[in-house]
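Open the model in your viewer and set it to a cartoon view. The stops below say what to select and what is there.

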Amino acid sequence: MNKTELINKVSKKSGLAKKDAEKAVNAFTETITESLKSGNSVQLVGFGSFQVKTRAAREGRNPQTGKAIKIAGTNIPSFKAGQKLKDAVK
């Protein structure tokens, strides 16, 4: 499912116009992004939680030359599914 299909489903399930559903989906994703950027996690009970994890710096290899390179540490977004979501997908 892509973003357009998600907007259409939200529109149908909520009874909102497509423009309003698009605003709601955009507001949802922007709010989660802003929260993660500021270092906070977002927990939706029963659905799951979004958080930022730190990936440590490590040494890698250039696949073309085989030469060792340093890969810098970075922050990555992470999603952990809640129990209700896990049970629904089984």
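The tour goes from the whole chain to single strands and residues.

**Whole chain**

This is a predicted model. Start with the complete chain, which holds three helices and five strands. Followed from the N terminus, the order is α-α-β-β-β-β-β-α. Show the C-alpha trace and turn it along its principal axes: the spans are about 55 × 30 × 30 Å. The radius of gyration is 19 Å, where a compact globule of 90 residues would have one near 12 Å.

Now switch on the surface. Its accessible area is about 7400 Å², and carbon and sulfur atoms hold 54% of that. Of the 90 residues, 17% are buried. Colour the charged side chains next: 18 are positive and 7 are negative, with 7 Å between the centres of the two sets. As for contacts with a separation of 6 or more, 28% join residues 24 or more positions apart.

**Helix H2**

Select residues 18-37, which make up helix H2, and pick out aspartate 20 within them. Is aspartate 20 buried, partly exposed or exposed? Its relative accessibility is 38%, so aspartate 20 counts as partly exposed. Then add isoleucine 7 and draw a C-alpha to C-alpha distance to aspartate 20: the two are 13 residues apart in sequence and 9.1 Å apart in space.

**Strands E1 and E2**

Select residues 42-44, strand E1, together with E2; the two strands pair in the antiparallel sense over three bridges. Valine 42 has phenylalanine 50 in E2 as its bridge partner. Three residues lie between the strands of this hairpin, and glycine 46 there takes a positive phi near 90 degrees.

Extend the selection to residues 48-55 to see the full run of E2, and highlight serine 49. Serine 49 has a relative accessible area of 17%; because the cut-off for buried is under 20%, serine 49 counts as buried. Which residues does serine 49 contact, leaving aside neighbours within four places in sequence? They are Val42, Gln43, Ser78, Phe79 and Lys80. Val42 belongs to the pairing with E2 already shown, as the bridge partner of phenylalanine 50.

**Strand E5**

Keep E2 on screen and add residues 74-81, strand E5. How many bridges join E2 and E5? There are eight, and the pairing is antiparallel. For one of the bridge partners, select lysine 53 and look across to isoleucine 76 in E5. While looking at these strands, recall that side chains in a regular strand alternate between the two faces of the sheet.

**Strands E3 and E4**

Move to residues 58-61, strand E3, where arginine 58 is found. Add residues 68-71, strand E4: E3 and E4 are antiparallel partners with four bridges. Among the bridge partners, arginine 61 is matched with alanine 68 in E4. The two strands form a hairpin with six residues between them, and glycine 66 in the turn has a positive phi of about 80 degrees.

End on arginine 58. With a relative accessibility of 41%, arginine 58 counts as partly exposed. Beyond residues up to four places away in sequence, arginine 58 touches Ile69, Lys70 and Ile71. Draw the C-alpha to C-alpha distance from arginine 58 to isoleucine 69: the value is 8.7 Å, for residues eleven apart in sequence.

How values were computed. Residues are numbered from 1 along each chain as its sequence is written. This is a predicted model: local features need pLDDT of at least 70, side-chain atom pairs count only at pLDDT 80 or more; totals for chains, interfaces and linings use all residues. Side-chain values use heavy atoms; hydrogens and water are left out. The radius of gyration is taken over C-alpha atoms; the globule rule is 2.2 Å times the number of residues to the power 0.38. Buried means under 20% relative accessible area, exposed over 50%, partly exposed in between (1.4 Å probe, protein chains only). Contact means heavy atoms within 4.5 Å. Accessible areas come from the Shrake-Rupley method with a 1.4 Å probe; for residues, only the protein chains shown count as cover. Lys and Arg count as positive and Asp and Glu as negative; His and the chain ends are not counted. The place of a charge is taken as NZ of Lys, CZ of Arg, CG of Asp or CD of Glu. Two strands pair if DSSP finds at least two bridges between them.
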